[in-house]
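Student: I would like to learn how to read a sheet and a ligand site. Could you take me through them one step at a time?
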Amino acid sequence: MVGHDGVGIGDFVLLEVIDKDHFMQNLEKRFSGGCIYTYIGEVCVSVNPYRTVNIYDQEQVNKYKGREIFENPPHIFAIADSAHKVMKQQGRDTCIVISGESGSGKTEASKIIMKYIAAVTNAGGQQEIERVKNVLLQSNAILETFGNAKTNRNDNSSRFGKYMDINFDFKGDPVGGNISNYLLEKSRVIYQQPGERNFHSFYQLLFGASDSDLSKLRLKNKVDNYFYVNQGNAASVRSISDRSDYKATQSAFRTLAFSDHEIDTIWRIVAAILHLGNVKFRPDNESVKLDDPGVLDTISGLLSVTNQELRRALCERVIAAKGEVMAKTHNEAQANYGRDAFAKAVYDRLFSWIVQKVNRAINLKDEESSRYRQKTTVIGVLDIYGFEIFDVNSFEQFCINYCNEKLQQLFIELVLKQEQEEYQREGIQWQNIDYFNNQIICDLVEQSHKGIIAILDEACLNVGKVTDEMLVEAMDQKLASHNHYSSRQLKPMEKDLKHKEDFRISHYAGKVTYNINGFLDKNRDALFQDFKRLLYSSNNPTVKEMWPEGAMDIFQTTKRPLTAGTLFKNSMIALVKNLASKEPYYVRCIKPNENKSPVQFDKEQVLHQVNYLGLIENVRVRRAGFAYRQRYDLFLRRYKMISQYTWPNFRSGNDKDGVKVLMDEQGYSDDVKYGKTKIFIRSPRTLFSLEQKRSRMIPGIVILLQKQWRGAICRRRYKKMKAALTIMRVYRLYKMRSYFQALQAIFLNVTSRRDFGKSLRWPNPPLVLRKGVKNLKAIHERWRAWMIIKRIPQEDWPQVRYKVKACDALSNKRSYYGLSRRWEGNYLALNNENSDSVQYNHTINNIKNKDKFKKVLFSSFIKKTNRFNKSADRALLVTDTGVYKLDAKKLNLMKRVLSIQEITGVSCSPGTDQLIAIHSSLGNDLVVALEPRDNQDRVGELVGVICHRYFEVCGRELSVNVNMHFQCKLGNKSRSVKIELSNEAQSAMFKKDGQNVLYLLPLQNSNNLINTKQAMQ
Ligand SMILES: Nc1ncnc2c1ncn2[C@@H]1O[C@H](COP(=O)(O)OP(=O)(O)O)[C@@H](O)[C@H]1O
Ligand SMILES: [Mg+2]
């Protein structure tokens, strides 16, 4: 809780009595107790501790990371976290406006915020994000070197305004950034009040650079030598080590990708300015002469321009009039003015150029910005000069104080005015809080025609004619009736205002007297064109790049440039507009004393700041007000899940009723008010506990949503699958139907076709029918077979079977195999074949009884040859069980040679001879020639019978070799059998030919033999 640190009260809103005394008491108590941060609601009041406080380490970071503001003791971390959280969660741009007077701790605060953001982002350790963070942090070192200086109020006072945008991706990691700089106090380059210093860069160079580097720049490390840095007489400062800062600056240059040449040029320019401060002029008639021409060489060398051109630019100016170009020599005052203006302009341009370079290192690159388009959100951090009152206040203070008026106005707009107006709009009972609205002072400065800047601009138009003194008169005239403007002329009693020199503005933060001297010059901010051309002509490309307008032709009449005052005003208006578009967070810095003391609490000085910052009004508004408000519809949508009456939807009334029901049920009724369109919640605690309850409900809801969604996806997929299946089914049916229709058309008259459709082409079946069509084809085959077979008498069927087998084995291989003949099979049982058929049948019956075969399938007289090449006449018998040899004369059994299973193949010739070999696994093949009575070819029949029976018994096809010569085995030896034609043979005969067997055929005019002969050729 905010009060956790136990020192005073952590949030001023919780003070019992809200008045000046109680406010101051609490602030002092906390300051002396070491608590430098105190809230006003979400505004953080920070008192400069002027000592190292140990509250910024990693442990503290962890404590604040992702927490609500009121969970921990007040800390600037909580503000940074809040800005980051709102940006990340709601995708809204936010900004942190840090205000307070010079030395109150704004710049420190901005650095602490940046470090915090760097510490809590990039959990993934991405390289590019690390780089961006590093550049963002390091950029501070460079900007402070060139833009900060020791003043009497702050050893490290920012002499420029800085607004930094940090771009974040959707995960909340920084991916880029942009820095805008506002009005550098460049008069400091040439002049410092006693006790003050020029910008740090000059001292860092003199004290930090090596002797050899210094001698290249023709410098000595003696500050007293150089007029531009020795006027304040405060070169060394206890809290500053220029030497180590120089090193840090150099290393930051490298991190930010400045090239060696660029770094070198930067220091050359700084050195050139130091030397320029020592340029002195002596009057010489109408013109001037240089006191020490040697210094000119040094400067021209450093800036890479010619000595001559530099001298001319310093001592005269070129004027173009009526088409002629003339050189006009300077008098001493003009030459001094020109030199100083030159020094200021060079430094100012250098600073802006450095900011540009830094931006180039952190700006979102083009491809990144398109990648992140619409996805990046921004946190802006504004650290701008605080309200300033010096002994002598000039144009710079005028601008700075105007800037603070604008920011105060924004604060009023956002925090005080809008808040009260909203209560009124919503009809919430409300006691209006009085506060001072500084709009009237902003108008005094910036109004067109009537405002001070407008009067200044008007005076600047009349070059040379109007003096500063006349300017005061003009203002007196136009602003006489303005309550916040005065001068000696208007208020003669105010003796401390100098006549015709001073004017006074009653700022919201206090009265400031401005001295008019120099206002016109500073507003006009003129630099002779000659200098611009000089630097544009530099041989150093970096110098040239800084001065592009030097390219302009001398005759080119340009529009009068905008004055410094108007430029500043425009940039302030743009800045305020930019800030107003973001969700603002405020850090209000307070300076406890003028002495940089960690213990002193200067009541008067602090009260003054508390008053002008409007902190007490802030507390009153806040206290009377509400921590949180939200439209009913949005509120209900966010929290409806925590009440059973509103979840999942509130049905009995409008959103407002729903919100009331919810808050009543949860017991928050006392802490809320109901406006017309919004609910107002007084204490952050209520909001916190609403959030907690919501977080507890979320996981369940997520699971519910996931469940529903998964279900929906599955149902959708299931429906699709079912639809697909239906489509597939219907399509399959359609394909099948069309296929059958096509088949029907093709096979329409199949019965009347001669081939019963054998030659008809079946169309390609669809996938689904591929198997079925195979069966269908088989059925068709069977049907076709039946149609053929049924014409054959049944007793011929066995013969047909053999013929089919013979066909399979011999067609296209053997010229003739007796298909046209009737195949009798058991020829020896026929009388005309075998005269002894009675004896034969008798023998067969004997064997049948003994060997238990059923039927003689084939019988024939044969001539056989054996392993001794002896040929003999025999009879051959093939039964359903095996092959038998019979004696040819007696026709009695000699022996069963083979069983059907033992047969391994059959060989025969392609001709019409009677040779046949029945191979077996027993080592003794049967090599025989059939000897039918009428010399019919029965080889085909025997092959058909054996093959058929073999298939029946063994279930596979027997191999049939058809050739003019083939191998066989006789007595376990391999022999080759050859067929030859021979004159020697009267009839077919076997003959020995060495180890082989010849089967000789007579060369007579015999049909059968001629066929064999033809086959042999
Ligand atoms: N939070 C802090 N912790 C320690 N010292 C601080 C802190 N804030 C400011 N200071 C001291 O005050 C000095 C001035 O602060 P700075 O931020 O430069 O003021 P401003 O920017 O408002 O002019 C710093 O140089 C530092 O010494
Ligand atoms: Mg500062």
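Tutor: Let's begin with a pair of strands, keeping in mind that this is a predicted model. Strands of a sheet pair through backbone hydrogen bonds, either parallel or antiparallel. Here strand 29 (residues 973-982) and strand 31 (residues 996-1002) run parallel, joined by 6 bridges.

Student: Which residue stands opposite Lys978 in strand 31?

Tutor: That is Leu998.

Student: And in what order do the 4 strands of the open sheet lie?

Tutor: The order is 28-29-31-30, with mixed pairing. Strand 28 (965-970) and strand 30 (989-993) each have a single partner strand, so they stand at the edges and one side of each is left without a neighbour in the sheet. On average, neighbouring strands of this sheet are turned by 35° against each other, direction ignored.

Student: Now the ligand, please. How many residues surround ligand 1?

Tutor: There are 17, and the closest are Asn48, Gly103, Lys106, Thr107 and Glu108. By kind, the shell divides into 5 nonpolar, 8 polar and 4 charged residues.

Student: Which atoms of ligand 1 do the side chains of Asn48 and Tyr56 approach?

Tutor: For Asn48, a polar side-chain atom lies 2.8 Å from an oxygen atom of ligand 1. For Tyr56, the partner is a nitrogen atom of the ligand, 3.1 Å from a polar side-chain atom. The backbone takes part in the list too: a backbone N or O atom of Ser104 lies 3.3 Å from an oxygen atom of ligand 1.

Student: What percentage of the area that ligand 1 exposes alone does the protein bury?

Tutor: Taken alone, ligand 1 exposes 550 Å², and the protein buries 83% of that.

Definitions and conventions:
Residues numbered from 1 in each chain as written. Chains lettered and ligands numbered in written order. Predicted model: local features only at pLDDT ≥ 70, side-chain atom pairs only at ≥ 80, totals over all residues. Heavy atoms only, no water. Near = heavy atom within 4 Å. Polar contact = N/O pair within 3.5 Å; in protein donor to acceptor, adjacent residues only side chain to side chain. Areas by Shrake-Rupley, 256 points an atom, 1.4 Å probe, with all protein chains shown as cover. Nonpolar A, V, L, I, M, F, W, Y, C, P; charged D, E, K, R; others polar. Pairing = 2+ DSSP bridges. Helix = DSSP H or I, 4+ residues; strand = E, 2+ residues; numbered from the N terminus. Axes fitted to C-alpha atoms, helices over the stretch in contact; angles between N-to-C directions.
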